[in-house]
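Student: Could you take me through this model by way of questions, with the reasoning set out before each answer?

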Amino acid sequence: MKLYEFPSGDTVHKYKKSIVISFKGKRNVLSTGPNNGGFTTDLSAVFNNDANPGDGMEVKLRADTYREHMDILAKEDLGLDPSSCSGLMTVASMDNSAISTLAYNDFSVTSVATAGVRNNGGRIGDPASWHEKSENTFEDTTSSDTKKKNPIQNLTKNISGKIISDKDKLPVGTINILLYIDADLSKEALASALVSCTEAKVAAMQELLIASRYSCGIATGTGTDGAIIISNAESKTHLTNAGKHSKLGELIGRTVISSIKEALKLQQGITPQIQHDIIHRMDCFGVTEDALWDCYKETYRNLIRAEFTDILDRIRTDDTLVTYTSLYAHLLDQLSWGLLSFAECRIAANELLKLAVLHPDAECGTENIIQNYILAIADRIHRESLKKK
């Protein structure tokens with residue numbers, strides 16, 4: 001199925017669980033793909049492939065290495081010459097891809113994205129899961145110093161489950177971007193376009209407040225993201241800057257943010273409305289339904305789990321509760337970043353609980369800011385349960 005055709009004659013097709021951009025002329029490409037990655041000038045196509053074999057099934061490579069797998073896939077499934085194409089792999093469905101295009105004066109920018117972040121969203125600098133020693137062998141050599149928790153992670157101890165996943169149980173999630181620029185970019189502009197594309201991805205994560213699964217921060221992407229930047233070397237428009245001050249940089253930002261948000265909506269139902277939820281605001285700090293239930297049943301015990309969940313579902317999107325919870329979460333962010341002290345955060349957090357009418361005796365709370373929030377929500381659920389009687 002043809003999804004799009006560029007003024008240059010290049011086309012975007014979807015087939016065999018892949019999206020393929022085929023070139024009709026000379027294109028300069030900067031790719032993070034394993035096959036023909038880096039800067040190249042002699043490719044005839046690029047692609048993004050859905051490798052998901054089905055729910056609950058393990059993704060298996062068709063060769064000993066990722067690069068060889070992609071070569072086989074290109075040749076046998078997509079009918080492409082492995083020596084003249086570069087590709088990315090994901091488990092997001094190509095049916096949930098999103099295309100965003102903008103034109104200005106004498107050039108255009110088009111972003112084709114697939115995205116999934118719920119299980120594998122991460123913040124750059126989060127503790128790693130493995131260290132690459134060769135193409136096929138990996139070791140977990142993370143030192144104890146590296147694994148030390150920041151002030152927020154210390155507060156989540158014994159509240160949430162494991163924050164950092166084991167290397168043998170790496171979750172799946174990927175943001176892949178095929179960014180087509182219908183202009184002739186200099187080499188430095190092509191590299192700058194990759195930077196701008198990455199910044200736009202981070203902006204999309206921030207605007208949706210996507211939580212890292214490996215720390216208590218806002219995600220900047222996932223651990224397996226990829227991008228391929230394509231420049232039309234035959235275009236009469238020659239551009240040398242793709243930074244934020246240039247029109248090219250602006251269009252890169254707008255198309256990438258738009259396509260990623262739409263892809264997340266299609267793939268995982270992530271929208272601003274869905275994110276308007278106290279659990280989505282606070283789960284990276286260990287505030288989950290299970291943590292709230294554990295606190296509730298230890299303190300009140302007058303509801304069964306089904307009744308508890310029913311009340312939580314009714315209050316978790318309450319406007320006032322979400323608003324003050326958002327401010328509460330940002331306090332914790334600033335504590336983690338070193339912008340506010342623990343004493344400053346604790347005082348402000350107690351005030352926010354009062355304003356949200358969550359904890360009538362906030363000053364009597366514990367020294368654990370996160371635990372105080374959990375206690376406050378459990379108390380709110382208890383008071384809601386009494387209204388029904």
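**Helices, a strand and salt bridges**

Tutor: In this predicted model, helix H11 is mostly covered, since 14 of its 19 residues are buried.

Student: How far does H11 reach from its first C-alpha to its last?

Tutor: H11 has 19 residues, for which a span of 27 Å is expected at 1.5 Å a residue. The computed reach is close to that expectation, and from the first C-alpha to the last it comes to 28 Å.

Student: At the start of H11, which backbone nitrogen does a side-chain oxygen of Asn368 reach?

Tutor: The contact is found at the start of H11, where the side chain of Asn368 supplies the oxygen. That oxygen comes to within 3.0 Å of its partner, which is the backbone nitrogen of Ile370.

Student: Is Asp379, which forms a salt bridge with Arg383, buried or exposed?

Tutor: Asp379 and Arg383 both lie in H11, four residues apart, about one turn of the helix. An α-helix has 3.6 residues a turn, so residues three or four places apart point the same way. The closest N and O atoms of the pair are 2.8 Å apart. Arg383 is partly exposed at a relative accessible area of 30%, whereas Asp379, at 14% relative accessibility, falls under the 20% cut-off and therefore counts as buried.

Student: How far apart are N and O in the salt bridge of Lys297 and Asp294?

Tutor: These two residues both lie in helix H7 (residues 289–299), three residues apart, about one turn of the helix. Lys297 is partly exposed, with a relative accessible area of 37%, and Asp294 counts as partly exposed at 35%. Their side chains meet in a salt bridge whose distance, N to O, is 3.6 Å.

Student: Why do the buried residues of helix H10 line one face of the helix?

Tutor: H10 covers residues 342–355, and its buried residues are Cys345, Arg346, Ala349, Asn350, Leu352 and Leu353. On the other side of the helix, Ile347 and Leu355 are exposed. Seen down the axis of H10, the buried residues line one face because they fall within an arc of 160 degrees.

Student: Which helices are included in what covers the buried residues of H10?

Tutor: The buried residues to be covered include Leu352 and Leu353. What covers the buried residues of H10 includes two helices, namely H9 (319–337) and H11.

Student: How many of the residues of strand S16 are buried?

Tutor: Both faces of S16 are covered, with Gly226, Ile228, Ile230 and Asn232 buried on one side, and Ala227, Ile229 and Ser231 buried on the other. The strand, which spans residues 226–232, is largely enclosed by the rest of the structure, because its buried residues number seven of the seven.

Student: Which strand pairs with S16 in the parallel sense?

Tutor: Strand S4 (residues 27–31) is joined to S16 by five bridges, but these two run antiparallel, with Ser31 having Ile228 as its bridge partner. Elsewhere, Ile181 stands opposite Ser231 in S16. The pairing in the parallel sense extends over six bridges, and the strand that makes it is S13 (residues 175–181).

Student: Which residue is linked with Asp10 and Arg27 in a network of salt bridges?

Tutor: The structure holds 24 salt bridges, and one of them is formed by Lys2 with Glu5. In the network that contains Asp10 and Arg27, the residue asked for is Glu234.

How values were computed:
Residues are numbered from 1 along each chain as its sequence is written. This is a predicted model: local features need pLDDT of at least 70, side-chain atom pairs count only at pLDDT 80 or more; totals for chains, interfaces and linings use all residues. Side-chain values use heavy atoms; hydrogens and water are left out. A salt bridge is a side-chain nitrogen of Lys or Arg within 4 Å of a carboxyl oxygen of Asp or Glu. Buried means under 20% relative accessible area, exposed over 50%, partly exposed in between (1.4 Å probe, protein chains only). Two strands pair if DSSP finds at least two bridges between them. The expected span of a helix is 1.5 Å times one less than its number of residues. A polar contact is a pair of N or O atoms within 3.5 Å; within protein, one must be able to donate a hydrogen and the other to accept it, and residues adjacent in sequence count only if both atoms are side-chain atoms. The arc is that of the directions from the helix axis to the C-beta atoms. Contact means heavy atoms within 4.5 Å.
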